[in-house]
Amino acid sequence: MGFKIGIYLLLFASIVYAIYLALPKKARPFCLLAFSILFYVIYSKFLTIFLLLTILTVYFGGIAINKFNDKFALQKQGLEKEDRKKLKQKFNRKKFWVVFCVILVNLAFIGVLKYFNFFGSIFEGFFSWFNVTIHWPVLKIALPLGISYYTLTAIGYLVDVNRGKYRAGNFWQVALFIGYFPQLYEGPFARFDQLSPQLWEGKGFDANNFYGGLLSILWGFFKKMVIADRLAIIATEVFSNYAQYNGIIILLGIVLFTIQLYAEFSGIIDIASGVSELFGIKLAKNFNQPFFSRNVGEFWRRWHISLGAWLKDYIFYPVSMSRGITKLNKKMQKLNSFMQLFITSSIALLAVWLTNGLWHGAGAKYIVYGMYYYVLMLVGLCCEPLFAKIYKKMKINKDSKPMIVLSFLKTFVLVNLGMLIFRANSLTAAVKMFGGIFTGGQIDIIRTGIIDCQDFIMCFVTIAILFAVDIIKEKNINIKQWFLTRKTALKLTIVILILVLIVVFGAYGNGYVPPDPIYGAF
Amino acid sequence: MAMAMSHLTLFMERFNMKVKKRVLTIVVFLLALILVYGYAIIIFMPKDENDLGGSRYYGYVNFKYERKNSIDAIFCGDSNAYCGFSPLELYKQVGITSYTRAGSQESIINVETILKETLKYQKPKLMVMDVDCMFQPNIFFSGTTRQKFINLIAPFYFHARWKELSFKDFVTVPKPTKSFLKGYVLERNVYTNSYKKGVTNLSIAPKDLDISIKKSFNNIVNICKNHNIALVLVYLPAPASWTNAKSNAIQQLANEYNLPYLDLNCEYEGFELNYANSFYDDGEHLNFKGATYVTQFLSYYIKENYSFVINDHRQDKNFDNWNSLIPLYDQLIQTY
């Protein structure tokens, strides 16, 4: 599949774009909706039913909440404060059950389709301890496209409606919000109040949107086809046949996989954002130069931003504010505020990282992946006062340039260890690969035959370009703005130049095997 | 009124100037783009069979530069065929001239077209067809049309040549000449795999073949009959995609048309391919070791069964150009 999904998205979007512009303003959102469903049907065929069921359940859930809110507003008039409180509690309970049921139904879809076999293996394993053989049936069904993305997007929408952040939208608004085609493949997670008004604006042609979108699409393809797919040659081989390699080659495989994942995931997001920008619709930002993070907490605020924000809003806060935690907080009043914060945060963070791990995949290694970051976060939280004291005592300025660079490197090392767990074929493989780093062996990667010399050099040239662009962005220089203010001839020349670079140096066609997008499976 | 008219005329003149300027800019831009793209085609096209992608490209298009009616046998099929039949190996073994007329993902329908095209230049006495093409979906571009399309998209198709581009590529327009490997694509990679040969099992239901496939097959048989060409069906070793059902479908056709059929994926007397080192990918395409072995096996099969229609040309001075290629071919094989 690889870059094919990008090409497919682009070709599909070109047709939709032409039709979209030809239609009157009011009809444009419906055009987007119709083609979004068509996009899904072409890709997922009969599995589209699951997307439609999610849309329907969430739509009716939202409408029910609207009705309860309206009834409450009507009935509360003239009531005493105490009665009003009771009435509110009654309606809140009703709304809770609506939200609970809709979320349960949607989690059941994803649970069966994505996690059925995983839970089956746990079930079988558990009973095998007691020498009882249980045969859990194996479900052989493809996953509907982007189910992990649209399910969480839909849940977020309903929770926000329940929280009174905005009133539930009509059916068309909900359907287009959840099914909007550019974001279906790898996200980003959208918020109804940010995306829906843009979707229904029906914007026409705008030169800045056109060129801006085009630049994002090309930069996305460059990252995917020139950088990620070339790095995948080394990363895939090292992770698949790790037993054949040692020392520096395993280390190189892990580091290059981390950069591959970044280039690929951010590249596909850039393509989706660029396609959306053509229609004048801005998608949420998903990456913000993640390798310039001073700790793993910051890394997760810069990497897959929309997932982190979703987990914060719909897992961390609800758990932190839950009755159990509130009661626990009251009981811990004798402890100092740091300990109070540490204990409550550790419970909420456990839920966040468990969800994060499970979201990434159905397997023990993904849970360990989530727990790895959970432990890192807790250690960070625990050691923060200690490090502050050490810095103070040793008179180290942690904001000095060398210290900042060191903290970037520390985060990069920790992230790479996380990626090792994430990408390795199994947990055993991850442990063996980690051990393999510290053994000697072949250091000349060209001699191993994994990659030829020219491609190897190209890996580093393109990584340098990727990081150079990130440094420019980190310095708050807006490359897109600079591009948009150039003359048309220069803009077109730049577009053609990037296109030529992709065509010539892309790792596709004869001699290259296009890898499947890593986040596309979610 | 007059003043308004003069304003309007001035406005129209300025507007026309603007439009003209814009149109001119677009035309110049597009012309420059076409010129640059045309030059990119010249740069990226392989200049000979030694260049990346060159043997596959020139092996196919240079067929027409062979001396007329000098080819005794043709090998047809899809990519399995051009990786599996080595005409120079056949010549080396038994002195029979041959050419591999195969293309990537060619279906039986395309093989029929290629056969008709071949007969315009040559009068072969034998056609060996790899039957994997019977299970390929029909693609829009095939044969010569596909090669013409490849010419147009050369900067995309041969983009990986950026690694080997030299000054020669920027100043040389590719010229067609006789193909050295005669349509065979030599793959040197050795992909270690654990496949084993299959077991013939005629009790498995044969795979259904589409009417269009059967029709094309029937056409090929008729063309061969009309041109006195002996037709041999071969299923080259391809354990990744071979199945009993497919093989039985071919066996059924072979019985129906009374044609010889050699399934080299199963036990066959005297055929002992080393599966571990004979493929360049995961059990689909033969590398030079596999192709050499398969062609050697077929050489003796052809000699034994078709020597009454095909002569050994190794002592014939008219075929000196073939004789001169053998040392070069040996040298090429030995370098791997």
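**Notes on a predicted two-chain model**

1. Five bridges connect strand E1 of chain B with strand E2 of chain B, and the two strands run parallel. This pairing is a good place to enter the structure, which is a predicted model. For one specific pair in it, B:Ala73 has B:Ser98 as its bridge partner in E2(B).

2. On to the sheet as a whole: the strands of chain B form an open sheet of five, in the order E2-E1-E3-E4-E5, with parallel pairing. Strand E2 (98–102) and strand E5 (261–263) of chain B stand at the edges with a single partner strand each, so each has one side left without a neighbour in the sheet. From one strand to the next, the twist averages 20 degrees.

3. What joins E1(B) to E3(B)? Four bridges do so, and these strands run parallel. Within this pairing B:Ile74 stands opposite B:Met127 of E3(B), while B:Cys76 stands opposite B:Met129 of E3(B).

4. Following the order of the sheet further, one finds five bridges between E3(B) and E4(B), which run parallel, and here B:Met127 stands opposite B:Leu231 in E4(B). Strand E4 (residues 230–235) of chain B is in turn joined to E5(B) by three bridges, and these two strands also run parallel. In that pairing B:Tyr235 faces B:Asp263 of E5(B) as its opposite residue.

5. Are the residues of E1(B) buried or exposed? Five of its five residues are buried, and E1(B) is therefore described as mostly covered, where a residue is called buried if 20 or more other C-beta atoms lie within 10 Å of its own. In a regular strand, side chains alternate between the two faces of the sheet. Both faces of E1(B) are covered, with B:Ala73, B:Phe75 and B:Gly77 buried on one side and B:Ile74 and B:Cys76 buried on the other.

6. Strand E3 of chain B can be read in a similar way: five of its five residues are buried, so E3(B) is largely enclosed by the rest of the structure. B:Leu126, B:Val128 and B:Asp130 point one way from the strand, B:Met127 and B:Met129 point the other way, and all of them are buried. The student may wish to find B:Asp130 in this list, as it is a charged residue by class and is buried in E3(B).

7. A helix also belongs in this picture, since helix H5 (residues 108–118) of chain B lies across strand E1 (73–77), E2 and strand E3 (126–130) of chain B, and runs at about 155 degrees to E1(B).

8. Turning to chain A, two packed helices are described by the angle between their axes and the distance between the axes. The axes of helix H2 (residues 28–44) of chain A and helix H6 (residues 171–179) of chain A come within 9 Å and cross at roughly 50 degrees, which makes H2(A) oblique to H6(A). The crossing in which H2(A) passes H6(A) is left-handed. Residues of H2(A) in the contact include A:Pro29, A:Leu32 and A:Tyr40, and those of H6(A) include A:Trp172 and A:Leu176. By class, this contact has eight nonpolar, two polar and no charged residues.

9. How many residues does each chain give to the contact between chain A and chain B? Nine residues come from chain A and nine residues from chain B. On the side of chain A, helix H20 (residues 488–505) provides the largest share, four residues. That side of chain A has four nonpolar, five polar and no charged residues.

Terms used:
Residues numbered from 1 in each chain as written. Chains lettered and ligands numbered in written order. Predicted model: local features only at pLDDT ≥ 70, side-chain atom pairs only at ≥ 80, totals over all residues. Contact = placed C-beta atoms within 7 Å. Axes fitted to C-alpha atoms, helices over the stretch in contact; angles between N-to-C directions. Parallel < 35°, antiparallel > 145°, perpendicular 65-115°, else oblique. Left-handed = near helix turned anticlockwise from the far one by under 90°. Pairing = 2+ DSSP bridges. Buried ≥ 20, exposed ≤ 12 C-beta atoms within 10 Å, placed from the backbone.
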